[in-house]
Amino acid sequence: MGKRLWRRWVATLFGALAVLMLLAGLAIPPYTSPGVSARRASVVQDAWNLAKVAFAYATDHDGNYPDSLDVLVEQNYLPAKSYKDLLTKYPALTYTKPTRNASDETTVVAIPIDGGTAVAFKGGYARFERSDQSSRSAQ
């Protein structure tokens, strides 16, 4: 009788733990949904692609960056339709002309979206920066 009671107790314990884990999984929402993460990644890629065009221009012009993204269109570094589509998609898109001696942390392209900003830097990388400090410390 002792073995049967022990097996029943262990089975009940595992069943209760399984139910609790299932309820906890339903009660705790994911930190970010896959759709939001995918959109942020897409915006970061768009910022990076614009920055790469500016880098190509600077390479061809002795390290001098264009004054604006319009210059890239005028000199055929960037197709006019693509540029217009990006401005329609991201009306708050900003371009900052880096100086020749600017640090690698200098922002070249910034696109505000979904609680943060997609940023491309002169140093040759891009990332999503959250606008609220509380979620930054949770990462």
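These are short exercises on a predicted model, each with a worked solution.

**Exercise 1. Lay out the fold.**
State how many helices and strands the protein has, and give their order.

*Solution.*
Step 1. Count the elements. The protein has five helices and four strands.
Step 2. Read from the N terminus. The order is α-α-α-α-β-β-β-β-α.
Step 3. Add the overall numbers. Of the 139 residues, 28% are buried. The accessible surface is about 9,300 Å², and carbon and sulfur atoms account for 60% of that surface. Take contacts between residues at least 6 apart in sequence: 39% of them join residues at least 24 apart.

**Exercise 2. Classify the ring pairs of Phe55.**
Decide whether the rings of Trp48 and Phe55 are stacked, tilted or edge-to-face, then do the same for Phe55 and Tyr65.

*Solution.*
Step 1. Choose the quantities. An aromatic pair is described by the distance of the ring centres and the angle of the planes.
Step 2. Recall the cut-offs. Centres must lie within 6.5 Å, and planes over 60 degrees apart count as edge-to-face.
Step 3. Start from the total. The structure holds four aromatic pairs. In one of them, Trp48 and Phe55 have ring centres 5.8 Å apart and planes at 65°, so this pair is edge-to-face.
Step 4. Turn to Phe55 and Tyr65. Their centres are 6.2 Å apart and their planes stand at 80°, so this pair is edge-to-face.
Step 5. Place the Phe55–Tyr65 pair on the chain. Phe55 sits in helix 2 (residues 34-60), and Tyr65 in the loop between helix 2 and helix 3 (69-74). The two are 10 residues apart, and their pair links distant parts of the chain.
Step 6. Join the pairs. Trp48, Phe55 and Tyr65 make up one aromatic cluster.

**Exercise 3. Judge the cover of Phe55.**
Is Phe55 buried or exposed?

*Solution.*
Step 1. Recall that buried means under 20% relative accessible area.
Step 2. Compare. Phe55 has 15% relative accessibility, so Phe55 is buried.
Step 3. Check the partner. Tyr65 is buried as well.

**Exercise 4. Trace the neighbours of strand 3.**
Which strands pair with strand 3 (residues 116-121), and in what sense?

*Solution.*
Step 1. Take strand 2 (residues 107-113). Strand 2 and strand 3 pair in the antiparallel sense over six bridges. Ala110 has Val119 as its bridge partner.
Step 2. Inspect their hairpin. Two residues lie between the strands, and Asp114 has a positive phi near 45°.
Step 3. Take strand 4 (residues 126-130). Strand 3 and strand 4 are antiparallel too, with five bridges. Here Val119 stands opposite Arg127.
Step 4. Inspect the second hairpin. Four residues separate strand 3 and strand 4, and Gly124 in the turn has a positive phi of about 95°.
Step 5. Check the cover. Five of the six residues of strand 3 are buried.

Notes:
Residues numbered from 1 in each chain as written. Predicted model: local features only at pLDDT ≥ 70, side-chain atom pairs only at ≥ 80, totals over all residues. Heavy atoms only, no water. Phe/Tyr/Trp six-rings, centres within 6.5 Å; stacked < 30°, edge-to-face > 60°. Buried < 20%, exposed > 50% of the residue type's maximum accessible area, 1.4 Å probe, protein only. Contact = heavy atoms within 4.5 Å. Areas by Shrake-Rupley, 256 points an atom, 1.4 Å probe, with all protein chains shown as cover. Pairing = 2+ DSSP bridges.
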